[in-house]
Amino acid sequence: MSADLIDWISRQGQVSGDARQDLIRHVRRLGWDFPDFAAIIASPALHKELAGACNGKEIAVLSRAWRTDFGDAPQSRPPERKGISDLSERQHYVGGGDHMYSLDGYAPNDGNDKQEQNGRPVMVEAWTEPKDQPAAHRKAHKDLPAEAEIEVAADEPSKQPFLVEQEKLRDPGAAGLPGPDASEERRQRPRQAWMEADYVMQGPTAIAASPDGSAVFMASRGGLARFSLPDIQLCASAVYAGLADPPGYADIAAGDGFVVCADVNGCLYRHDDVTCELEAKMEYQPSVMEHAQRIVASHLQRRSSPLVGLEGGFGGASRLAVGGRSVYLGGRDGVVTSYSAGSLNVMARYRLLEVPASVTIGVRSLFFARSQRLYCAVQSSVHVLRTPSMQQVARLRGGPRVPVFGNVSCAIESSSGELAFVADVGGPSIHIWKTSNWQWLTRVELPQGGGPACHLTIDPSDEVLYAGTDCSRFIAFDFSRAGAPMCIAEGAGGGPMVVVPAPLEQILVLTDGALRARKLL
């Protein structure tokens, strides 16, 4: 039972408390039992949950304690041993020497101690972490089930789009899971494979498309998932590897050969774009302190704490962007940080200041344009930075003849680099600027009751602007004609969206927990 395994892990005194808590959390989330943990202890290098929770010394301690309690790498819990029920008698000796166990008769000959051969002691090689296994033995992530709705638009107008419903995916036969009568198949199939994919698909938050348009990546509360295009089939997945509260990936951006995710604490995670394996991790390095004071029992107490994390938590426009070999992140401290795409080392920083300068306001969205300009939305203005020098070239905000009434929710630039679109919460509306002289051109009013636009994207032809509101409304505007843009489509199904270029020419929208594909207008 998982409860017995949790009890056994909690008694390992030589393992740090944080490592034990991480292991217990993995046991509860993945449903590990004694046979599962026996396989994990036998091959720790193949299970990133154990390698991420414990260091090499702690893994060695767990392996020795397991062999001492249950024998040499058992495939299942030995029935002839008492197991967990008798550990209360020897809990003070856990992790101690063999002479302490022998006092109570708990020292089985596991072959790891010194033995005598021809009257001379023979040294047995100590247990170490196994070497990396070949690629054929690594855990495959293909053809994993997903507990999410996936809708694909038909190629021809006569065909109706089809929907894979959650009820069918929950069915063991339809989802490819071993049924209640297939006990032998369940034992032979890797248990963590389908459980990981099922966990990863919970609570999708953001999507990003690969630069070549061959795959789309989905970030969720459970981790990262990769779907192939155009069939939108789950190919690989990875469980969230951080310790944020609440857990999960809040933003995602895709580059050439890698995928970068960010959690609500501002921690970055670099994954491989094919296998979704975690390659690098970088904690957020604060540079702004938050000062506070209060009076307690007639005494003034001052407190200073660093500002970390992302502004707004989950949802909304992305605060993460990828440009070339750099990764840009906007934090709650109002600082835009540039990281190297390979090692995630900090390369440059720029603090966005409003009036008064003493007030710290977080970055609400980032967008990296083809013109190498970085758009940073902060409160009611947009700072335009030149990369990679991180120098400000313009600041878009309201004025006497610029009717910007509310906070900026997101910003985007056209593919040609001639126009900049800024979504305004007040109204709600979308403003258009000319980038040659940064002159405000016009204002497009959004339908009342639909909410402000939180996601903007432009098709490759530079003629249609797509907007998704916080009330899951989908709106399309044609701005190719002279004058104000004209609304050409409006309806339900709005959310985080990406445009897939030719030959697919589709727009993928993440709405209501489903990934849907639409034809470009």
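Which residue lies over the face of Tyr-284? Arg-349 does, at 5.8 Å from the ring centre. A second arginine, Arg-221, lies over the face of Phe-314. Here the distance to the ring centre is 3.8 Å.

## Overall make-up

This is a predicted model. The protein chain has 521 residues, and 48% of them count as buried. Its secondary structure comes to 33 strands and 10 helices.

The accessible surface is about 25500 Å². Carbon and sulfur atoms account for 49% of that surface. Consider next the contacts between residues at least 6 apart in sequence: 47% of these join residues at least 24 apart.

## Helices H1 and H2

Helix H1 covers residues 2–10, and helix H2 covers residues 17–30. Their axes are 10 Å apart. The packing angle is about 170°. Angles over 145 degrees count as roughly antiparallel, so H1 and H2 are roughly antiparallel to each other.

Both helices contribute side by side to a listed set of contacts. From H1 come Ser-2, Leu-5, Ile-6, Ile-9 and Ser-10. From H2 come Arg-20, Leu-23, Ile-24, Val-27 and Arg-28.

## Aromatic pairs

A pair of aromatic rings is described by the distance of the centres and the angle of the planes. The structure holds 16 aromatic pairs. One of them joins Tyr-240 and Tyr-249. The centres of these two rings are 5.1 Å apart, and the planes meet at 85°. The pair is edge-to-face. Tyr-240 and Tyr-249 are both buried.

Ring pairs also build a cluster. Its members are Trp-8, Trp-32, Phe-34, Phe-37, Trp-66 and Phe-70. Trp-8 falls within the residue range of helix H1.

## Cis peptide bonds

Most residues other than glycine have a negative phi, and most peptide bonds are trans. Two cis bonds deserve a look. One joins Asp-245 and Pro-246, with omega about 5°. Pro-246 sits in the loop between strand S8 (233–239) and strand S9 (251–255).

The other joins Thr-387 and Pro-388, and omega is again about 5°. Pro-388 belongs to the loop between strand S21 (381–386) and strand S22 (391–397).

## Positive phi values

Where does Met-390 lie? It is in the loop between S21 and S22, the loop that also holds Pro-388. Met-390 is not a glycine, yet its phi is positive, near 60°. Its relative accessible area is 4%, so Met-390 is buried.

Gln-379 is another non-glycine residue with a positive phi, about 55°. It is found in the loop between strand S20 (373–378) and S21. Is Gln-379 buried or partly exposed? Its relative accessibility is 37%, so Gln-379 counts as partly exposed.

## Ser-338 and its contacts

Ser-338 is in strand S17, which spans residues 335–340. Its relative accessible area is 4%, and the cut-off for buried is under 20%, so Ser-338 is buried.

Which residues does Ser-338 contact, leaving aside neighbours within four places in sequence? Met-390 is one of them. The others are Ser-326, Val-327, Tyr-328, Asn-345, Val-346, Met-347 and Ala-348. The contact with Met-390 links Ser-338 to a residue of positive phi.

## Thr-442 and Cys-487

Thr-442 is placed in strand S26 (residues 439–445). Neighbours within four places in sequence aside, Thr-442 is in contact with Ile-430, His-431, Ile-432, Ala-484 and Pro-485. Thr-442 and Pro-403 are 39 residues apart along the chain. Their C-alpha atoms are separated by 9.3 Å.

Cys-487 is in strand S30 (residues 486–492). Its relative accessibility is 38%, so Cys-487 counts as partly exposed. Not counting residues up to four places away in sequence, Cys-487 touches Ile-475, Ala-476 and Phe-477. Cys-487 and Leu-446 are 41 residues apart in sequence. In space they are 9.3 Å apart, C-alpha to C-alpha.

Technical notes
Residues numbered from 1 in each chain as written. Predicted model: local features only at pLDDT ≥ 70, side-chain atom pairs only at ≥ 80, totals over all residues. Heavy atoms only, no water. Phe/Tyr/Trp six-rings, centres within 6.5 Å; stacked < 30°, edge-to-face > 60°. Buried < 20%, exposed > 50% of the residue type's maximum accessible area, 1.4 Å probe, protein only. Lys NZ or Arg CZ within 6 Å of the ring centre and 35° of its normal. Helix = DSSP H or I, 4+ residues; strand = E, 2+ residues; numbered from the N terminus. Contact = heavy atoms within 4.5 Å. Areas by Shrake-Rupley, 256 points an atom, 1.4 Å probe, with all protein chains shown as cover. Axes fitted to C-alpha atoms, helices over the stretch in contact; angles between N-to-C directions. Parallel < 35°, antiparallel > 145°, perpendicular 65-115°, else oblique.
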